[in-house]
Amino acid sequence: MKSTSYPTNRDFIAMLGAMALFLSLIEYIIPKPIPFIKLGLANLPVLIALTRLKTKEYLLLILVKSIGSALISGTIFSWIFLYSLSGSLVSGTVMYLLNRVLKNSVSMIGISVSGALSSNMVQISVAVLILGNGAKYIGVPILISGFISGFLLGLFTNKFIEKSKWLRGIQSIQH
Amino acid sequence: MYFTVIAINLVSPNGLVILKIGSFSITKDSLLKGIEKSSLLTGILYLSKNISLTKIKIPGNLGIIIRDTFHYFSQLTGGDRIRPQNLIEDLDNKLLELKPFSSSDSLIKPLAGSSKMVLPVCTIVTITMFTIDNILLST
């Protein structure tokens, strides 16, 4: 009989997905003084997954995260879901490519900031397409907030990776 | 939890002041946002507590991952609370305690009498949302 204390890769994706949902929930509860500013806490599992999952599994995690976050914020059947999914897929791809191509020459903070900015740029483009040219005026504050939140999330991810006993346990099983 | 989420939202005032207690003001938009968030979260938590217990099977690997995701999510939302000042350690402890779905078909127990509670909870959430949309927002 298989030991149940050893998670499979499928379990790991589901755990990261659940973690993204849980962090979305925490973020959802925190009141936002300005509506479009997001901390992006749910991206923590995506950053953790960068070096630990294969391409297909990584994309699956982004999909699970996007569907789960939309379920939590109640936007699954609205255009906001497409807006968020497009941002997540592009930022996920940018972060994945940066990590694969530049490997050790880019830090987690750099990857996180690039992901946040690419996600914001896609979201601004989608907003311009849907809402018209007026939407571009919110572009600059969104990019500034994306930079700050990406930077803070990168710092938080570094700290989590450094401190997490759970992640060390998973790594020792996978290697 | 319902009232905690409302209270958290009341901390950042927004909109018309409807009640003043000392220096603390309860504002209409913050109260509505708090009720809306609480209702939605209650619904989501009940959904996650019960989704892994239902006989609905989504085919394929994606279906298994979604089922397992909700299974782990229901474990993360239960148990000890997360303290904001100790977010990493508390989150890590919760992750360390996760039990895989394969090992715990019987580990995730439904909330006491949860199958009987699903309908009343759904009714309460629906009525609350209806009230917010149709009565309070029109004033």
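Q: How far apart are the end C-alpha atoms of helix H3 of chain B?
A: In this predicted model, helix H3 of chain B covers residues 60-77, which makes 18 residues. At 1.5 Å a residue the helix should span 26 Å, and the distance between its end C-alpha atoms agrees: 26 Å.

Q: Which residue with a positive phi follows H3(B)?
A: Let's look just past the helix. H3(B) is followed by a residue whose phi is near 75 degrees, and that residue is Gly79(B).

Q: Are H1(A) and H3(B) parallel, perpendicular or oblique to each other?
A: Helix H1 of chain A, residues 9-29, and H3(B) have axes that come within 7 Å and cross at roughly 50 degrees. Angles under 35 degrees would count as roughly parallel, and 65 to 115 as roughly perpendicular. The two helices H1(A) and H3(B) are therefore oblique.

Q: How many nonpolar residues does the contact of H1(A) with H3(B) have?
A: The crossing of these helices, H1(A) and H3(B), is right-handed. Residues in the contact include Ile13(A), Phe22(A) and Leu25(A) of H1(A), along with Ile65(B), Phe70(B) and Phe73(B) of H3(B). By class, the contact has four polar and four charged residues, and the nonpolar ones number 14.

Q: How many charged residues are in the contact of H6(A) with H4(B)?
A: Helix H6 of chain A (residues 139-163) and helix H4 of chain B (residues 87-96) pack at about 50 degrees, with axes 10 Å apart. Their contact includes Lys159(A) and Lys163(A) from H6(A) and Asp92(B) from H4(B). With six nonpolar residues and no polar ones, the contact has a charged count of three.

Methods. Residues are numbered from 1 along each chain as its sequence is written. Chains are lettered from A and ligands numbered from 1 in the order in which they are written. This is a predicted model: local features need pLDDT of at least 70, side-chain atom pairs count only at pLDDT 80 or more; totals for chains, interfaces and linings use all residues. Side-chain values use heavy atoms; hydrogens and water are left out. Helices (H or I, at least four residues) and strands (E, at least two) are DSSP runs, numbered from the N terminus. The expected span of a helix is 1.5 Å times one less than its number of residues. Axes are lines fitted to C-alpha atoms, for helices over the stretch in contact, and angles run from 0 to 180 degrees between N-to-C directions. Contact means heavy atoms within 4.5 Å. Ala, Val, Leu, Ile, Met, Phe, Trp, Tyr, Cys and Pro count as nonpolar, Asp, Glu, Lys and Arg as charged, and the others, Gly among them, as polar. Angles under 35 degrees count as roughly parallel, over 145 as roughly antiparallel, 65 to 115 as roughly perpendicular and the rest as oblique. A crossing is left-handed if the near helix is turned anticlockwise from the far one by less than a right angle, and right-handed if clockwise.
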